[in-house]
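Reader: I am new to looking at protein models, and I would like to go through this one slowly. Could you show it to me, and then take my questions one at a time?

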Amino acid sequence: MGIIVFSGRVVTASVKKTAQNSLNAYIGDIEGMLGAIETMNSFASWQIGDNIANPDYIPVICDKMMQYGDMVSGTTEAFIRGFYPAKGEYFAVRSFRDLATGEIRSTTLSDYALQGWYTGAIAAAKGIWSEPYEATDGSGLVTTYSAPLATDEGKTYAVLSIDVSLEGI
């Protein structure tokens with residue numbers, strides 16, 4: 001009887017250790033993915049800043065971010081009120097993957113000013129992650145990284161957000 005109890009403890013300890021190692025590896029993979037998204041956001045912010053005089057180039061930058069793979073399900077570059085008067089009071093570019101065709105598409109938005117990803121990043125004055133939520137387009141569970149963009153003088157002029165699909169994790 002003592003051997004069976006001892007063997008049970010050894011097996012239990014081994015299973016717990018294996019499970020903890022697997023969990024730690026999984027956490028590391030997720031942290032790596034989230035870090036890559038933050039880096040991509042930073043790089044895209046730099047590109048947007050370099051092309052700020054040309055609002056028609058913004059969709060090109062958003063589309064490039066979509067090419068990161070299936071992990072990125074959408075991107076939005078939303079400018080503060082009146083930043084591009086010729087584009088309207090509110091101007092944002094949204095790129096997303098068409099669920100039916102897999103193609104990358106872009107559209108403009110004007111109804112973002114009260115959205116949490118926009119107001120939260122401005123209020124925090126730094127990049128923020130949303131809690132996971134169900135995407136409105138039916139693509140599944142996502143989280144959004146949003147970061148304010150600022151001039152060299154520190155004045156916020158936009159928020160750049162990246163929607164990350166959690167379906168493949």
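Author: Before we begin, one term is needed: helices and strands here are DSSP runs, numbered from the N terminus, a helix having at least four residues and a strand at least two. With that in hand, I169 can be placed in the segment after β7, the strand of residues 156-165. Please keep in mind that this is a predicted model.

Reader: Since the model is predicted, in which element is confidence lowest, and in which is it highest?

Author: For the protein as a whole, the mean pLDDT is 86, and 95% of the residues reach 70 or more. Confidence is lowest in α1, where the mean is 77, while the highest value, 96, belongs to β4.

Reader: You mentioned I169; is I169 buried, partly exposed or exposed, and which residues make a nonpolar surface patch with I169?

Author: The relative accessible area of I169 is 37%, and because partly exposed covers what lies between 20% and 50%, I169 counts as partly exposed. The nonpolar surface patch has an area of about 330 Å², and the residues that make it together with I169 are L23, Y26 and I27.

Reader: How many salt bridges are counted, and which residue meets the side chain of D56 in one of them?

Author: The count comes to five salt bridges. In one of them D56 takes part, with 2.7 Å from N to O, and the residue that its side chain meets is K87.

Reader: What does the pair of D56 and K87 tie together, and is D56 buried or exposed?

Author: D56 lies in the loop between α1 (2-50) and α2 (58-66), whereas K87 lies in the loop between β1 (72-79) and β2 (92-97), so the pair ties together parts that are 31 residues apart in sequence. K87, with a relative accessibility of 34%, is partly exposed. D56 has a relative accessibility of 53%, so D56 counts as exposed.

Reader: Which residue forms a salt bridge with R94, and how far apart in sequence are the parts that this pair ties together?

Author: The partner of R94 is D163, and the closest N and O atoms of the two are 2.7 Å apart. R94 lies in strand β2 and D163 in strand β7, so the parts tied together are 69 residues apart in sequence.

Reader: Are R94 and D163 buried or exposed?

Author: The cut-off that matters here is that buried means under 20% relative accessible area. R94 has 19% and falls under that cut-off, and D163 has 8%, so R94 is buried and D163 is likewise buried.

Reader: Which residues are linked in a network of salt bridges?

Author: One link is the salt bridge between E103 and R105, whose closest N and O atoms are 3.7 Å apart. E103, at 43% relative accessibility, is partly exposed, and R105, at 34%, is partly exposed. The network links D98, E103 and R105.

Reader: Which residues of α2 are buried, and where around the axis do they lie?

Author: The buried residues in α2 are I58, I61, C62, M65 and M66. They cover an arc of only 150° around the axis, which means that they lie on the same side of α2.

Reader: How many residues of strand β6 are buried, and how many bridges join β6 to β7?

Author: Strand β6, residues 141-150, is mostly covered, for eight of its ten residues are buried. β6 and β7 run antiparallel, and L149 stands opposite A158 in β7. The number of bridges that join β6 to β7 is nine.

Reader: What is the bridge partner of W129 in β6, and what is that of Y133?

Author: Strand β4 (residues 128-129) runs antiparallel to β6 and is joined to it by two bridges, and strand β5 (residues 133-134) also pairs with β6 in the antiparallel sense over two bridges. In β6, the partner of W129 is Y145, and the partner of Y133 is V142.

Reader: Which residue takes a positive phi in the hairpin of β6 and β7, and which has one although it is not a glycine?

Author: The hairpin of β6 and β7 has five residues between the strands, and the residue there with a positive phi, near 90°, is G154. In the loop between α3 (116-124) and β4 lies A125, which is exposed with a relative accessible area of 61%. The residue with a positive phi, of about 55°, although it is not a glycine, is A125.

Terms used: Residues are numbered from 1 along each chain as its sequence is written. This is a predicted model: local features need pLDDT of at least 70, side-chain atom pairs count only at pLDDT 80 or more; totals for chains, interfaces and linings use all residues. Side-chain values use heavy atoms; hydrogens and water are left out. Patches are made of residues with over 30% relative accessible area and no salt bridge: like charges are joined within 9 Å, nonpolar side chains (Val, Leu, Ile, Met, Phe, Trp, Tyr) within 5 Å. Accessible areas come from the Shrake-Rupley method with a 1.4 Å probe; for residues, only the protein chains shown count as cover. A salt bridge is a side-chain nitrogen of Lys or Arg within 4 Å of a carboxyl oxygen of Asp or Glu. Buried means under 20% relative accessible area, exposed over 50%, partly exposed in between (1.4 Å probe, protein chains only). The arc is that of the directions from the helix axis to the C-beta atoms. Two strands pair if DSSP finds at least two bridges between them. pLDDT is the predictor's confidence in each residue, from 0 to 100.
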